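User: Could you teach me how to read empty space and residue surroundings in a protein model? I would like the general idea, then the case at hand.

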Amino acid sequence: GGSLVVTAAQDEITTADTITGTTTAGTAANTLTITTGSSATALVAADLDKITKMNTIQTSGNNAFSITTHTNNVVSGDDLAINAASLTSANLTFDASAETDGGTFTLTAGGGADTITLGTGADTIKFANGKLTTADTINGGATGANTLKFTNATTLADADLTNVTNIQTITLDNLSHGLVLAVGAEAMGASVATVTTGGGDD
C-alpha cells in the first residue's frame with residue numbers, strides 16, 4: 001500500500017486513537033500533522049501510545065506546543081522525524097526521554113524558546129541560522145552520539161550553546177554552506193567533540 005497521511009487537532013489526539021502507518025519498505029512516507037491551538041493542552045505520552053510506524057510527525061500553526069512521546073512511537077533501529085518548523089515564534093516543549101530502546105529522532109526546531117529533551121539514541125536536532133539562542137534548552141540525552149545540525153549558512157556564538165548539553169557533533173545539513181563557530185567554555189560544556197564547518201565561507 002501507499003503512505004498514510006493524517007491531520008488532527010492537538011486536542012483531538014488521545015489514547016482512544018490508533019494511528020498505524022503503512023510498512024512498505026523504502027517507499028512509505030507516513031505523516032501525522034498536528035494542528036496547534038492557542039488553548040490546546042499538552043500532549044502526554046499516554047495520548048500517543050497507539051501511534052506507531054509513522055515516519056514524520058509535524059506541526060501546523062504557530063502556537064505554543066508541548067509533546068511527550070511514548071516509547072511505542074519509534075522502535076529500535078528506526079528514526080522518527082519531528083518537524084516543528086511551523087512554530088516560527090511559538091515555543092516548543094519536546095520530551096522524548098522515555099525512548100530508551102534504540103529508536104532515534106530527527107527534530108527540526110522552530111524559532112521560539114524551545115525546550116528539547118531526547119532519549120538514549122543517536123539523535124539529531126536541526127536549527128536554522130539565528131534560531132538557536134540562550135533562550136533554548138537542549139539536552140541530547142545522556143547516551144548516544146547526538147548531532148546539532150544547521151540547515152543553512154550559520155554563525156554561532158559560544159554563548160548560544162549556554163543551555164545545550166549532551167551534543168557531540170555540530171555540523172550542517174548541506175556541507176556546501178559555511179559554519180562560523182566560536183568554540184569556548186559553553187561548547188565544551190555541551191560535550192561537543194566534533195565540528196564540521198562545511199565548504200562555504202567559514
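Analyst: We will go through the cavity search and then two residues; please keep in mind that this is a predicted model.

User: Happy to start there. How many cavities of 30 Å³ or more does a search of the whole structure find?

Analyst: The general idea is that rolling a probe the size of a water molecule over the atoms shows where empty space is left. Here, the search of the whole structure turns up 1 cavity of 30 Å³ or more. The largest cavity holds about 40 Å³ of space.

User: Which residues line the largest cavity?

Analyst: Its lining is made of Ile57, Thr59, Phe65, Ile67, Ile82, Asn83, Ala84 and Leu92. Two or more lining residues come from each of β5 (56-60), β6 (65-68) and β7 (79-83). Sorted by class, the lining has 6 nonpolar and 2 polar residues, with no charged ones.

User: Now a loop residue, please. What is Gly61 in contact with, leaving aside its neighbours within four places in sequence?

Analyst: Gly61 sits in the loop between β5 and β6, and its contacts of that kind are Thr36, Ser86 and Leu87. The C-alpha atoms of Gly61 and Thr88 are 8.9 Å apart, although 27 residues separate the two along the chain. Gly61 counts as partly exposed because its relative accessible area is 30%, between the 20% and 50% cut-offs.

User: And Thr147: is it buried or exposed?

Analyst: Thr147 is buried, because its relative accessibility is 16% and the cut-off is under 20%. This residue lies in strand β13 (residues 147-150). Beyond its neighbours within four places in sequence, Thr147 is in contact with Asp123, Thr124, Ile125, Ile167, Thr169 and Thr171.

Definitions and conventions: Residues are numbered from 1 along each chain as its sequence is written. This is a predicted model: local features need pLDDT of at least 70, side-chain atom pairs count only at pLDDT 80 or more; totals for chains, interfaces and linings use all residues. Side-chain values use heavy atoms; hydrogens and water are left out. On a 1 Å grid over the protein atoms alone, a cavity is a set of points where a 1.4 Å probe fits but cannot get out, and a pocket is an open set with protein on both sides within 12 Å along at least five of seven lines; lining residues have an atom within 4 Å of a point. Grid points are joined across faces, edges and corners, and a volume is the space filled by probe spheres set on the points. Helices (H or I, at least four residues) and strands (E, at least two) are DSSP runs, numbered from the N terminus. Ala, Val, Leu, Ile, Met, Phe, Trp, Tyr, Cys and Pro count as nonpolar, Asp, Glu, Lys and Arg as charged, and the others, Gly among them, as polar. Buried means under 20% relative accessible area, exposed over 50%, partly exposed in between (1.4 Å probe, protein chains only). Contact means heavy atoms within 4.5 Å.
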